[in-house]
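Me: I have a structure open and would like to know what lies behind the labels people put on it. Could you walk me through some of them?

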Amino acid sequence: MWNFPLIPDNASTIAGDVDSIYYFLVAVSLFFSLVIVIGLIYSAVRYRKGSKATREGAKDDYLPVELLWSVVPFVLAIAIFTWAAKVFFDIRIPPKDAMEVYVVGKQWMWKVQHPLGNREINELHVPVGKPVKLIMTSQDVIHSFYVPAFRIKQDVLPGKYSTQWFEATKTGEYHLFCAEYCGTSHSGMKGRVVVLEQDEYEEWLSGKAAGVAMLSSGEQLFQQFGCQTCHRQVSGQRGPSLEGLFGREVKLQSGDVIVADQEYIRESILSPNAKLVAGYQRLMPTYKTQLGPDQVNQLVEYVKGLRGGEPVTKK
Ligand code: CUA
């Protein structure tokens, strides 16, 4: 038997939706191509030079036809837009309960760290049937995280978090590619996503890949860099408290109010003055040159875990 698949495996909850739009677009294109080509050939034959076909009564304009070829494409285009927009939002907005995994792209590999500490390179282990949110950044140039079987592709940028979520529906191994030309070995920047049953995944988590939880690494960095000098448990003169910061609204010097998410925490470590909290001075230095992307991710996890009142260290 031939093994010549025309499309990749269908292995995520959104893959079917993406395929449906794709097939619909192909069908619409085929239909109109046929209508036009058949009409073209018919007219070319019937009205060829010297044919006896009557040429009387030809019209320059004919309102019903003009309306037809304006209204039908309009309705079709709006329908496709509405449908695609809905699927787009489904792909963009991760479910609240999604588990999070950090991804760092660099020339030319994918580095992954799970919150419990497990690190992998060019591999991503995830459980089946659970939404997974990737929090991704690049250490150098633009890369793009692409898993055809999940129908997801997201640019991974330096100096910013981009996120992508998916829920795998089938266990197995799937290709992971870089889909943005990023230098000499761009084509070699590939790996695999391994989808495991929940219990196998837990076994993998506690297996040889296990490491120091990101939260603990983050706590260590927090102390090493003396962050607690200014960011005490209670807001002081020099810096606001970070307890319970994650997910909370923050009033900025500029008057804007933002919600403290991972991107805000990341930005505030690297560009502290970009979104200065109302009532504070420009005192904090940047940590751009002192922290790598992995360390920033660990600090972000640590700050995320600071929920007012609870002990600072969790397992
Ligand atoms: Cu990384 Cu192409």
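**What the labels rest on**

Reply: Gladly! Strand 6 (residues 143–147) and strand 7 pair in the antiparallel sense, over five bridges. This is a predicted model, in which local features need pLDDT of at least 70 and side-chain atom pairs count only at pLDDT 80 or more, while totals for chains, interfaces and linings use all residues. Residues are numbered from 1 along each chain as its sequence is written, and side-chain values use heavy atoms, with hydrogens and water left out.

Me: What makes strand 6 and strand 7 a pair?

Reply: Two strands pair if DSSP finds at least two bridges between them; strand 6 and strand 7 have five, so they pair. Strands themselves are DSSP runs (E, at least two residues), as helices are (H or I, at least four), numbered from the N terminus. One bridge partner of Val-147 to look at is Ile-152 in strand 7. In the hairpin, four residues lie between the strands, and Arg-151 takes a positive phi near 60°.

Me: Which side chains of strand 7 are buried, and which are not?

Reply: They alternate along residues 152–156: Ile-152, Gln-154 and Val-156 point to one face and are buried, while Lys-153 and Asp-155 point to the other and are not. Buried means under 20% relative accessible area, exposed over 50%, and partly exposed in between (1.4 Å probe, protein chains only).

Me: Why is Cys-227 called buried?

Reply: Its relative accessibility is 16%, and the cut-off is under 20%, so Cys-227 counts as buried. Cys-230, at 23%, falls in between and is therefore partly exposed.

Me: How do you know that Cys-227 has no bond to Cys-230?

Reply: A disulfide is a pair of cysteine sulfur atoms within 2.5 Å. The closest cysteine sulfur to that of Cys-227 is in Cys-230, 8.8 Å away, so the two are too far apart for a bond. By this rule the count comes to zero disulfides.

Me: Why are the buried residues of helix 3 said to line one face?

Reply: In helix 3 (residues 198–206), Tyr-201, Trp-204 and Leu-205 are buried. Seen down the axis, the buried residues fall within an arc of 100° (taken from the directions from the helix axis to the C-beta atoms), so they line one face. On the other side, Asp-199, Glu-203 and Ser-206 are exposed. The buried residues pack against strand 1 (99–106), strand 3 (119–121), strand 4 (123–127) and strand 10 (191–196), where contact means heavy atoms within 4.5 Å.
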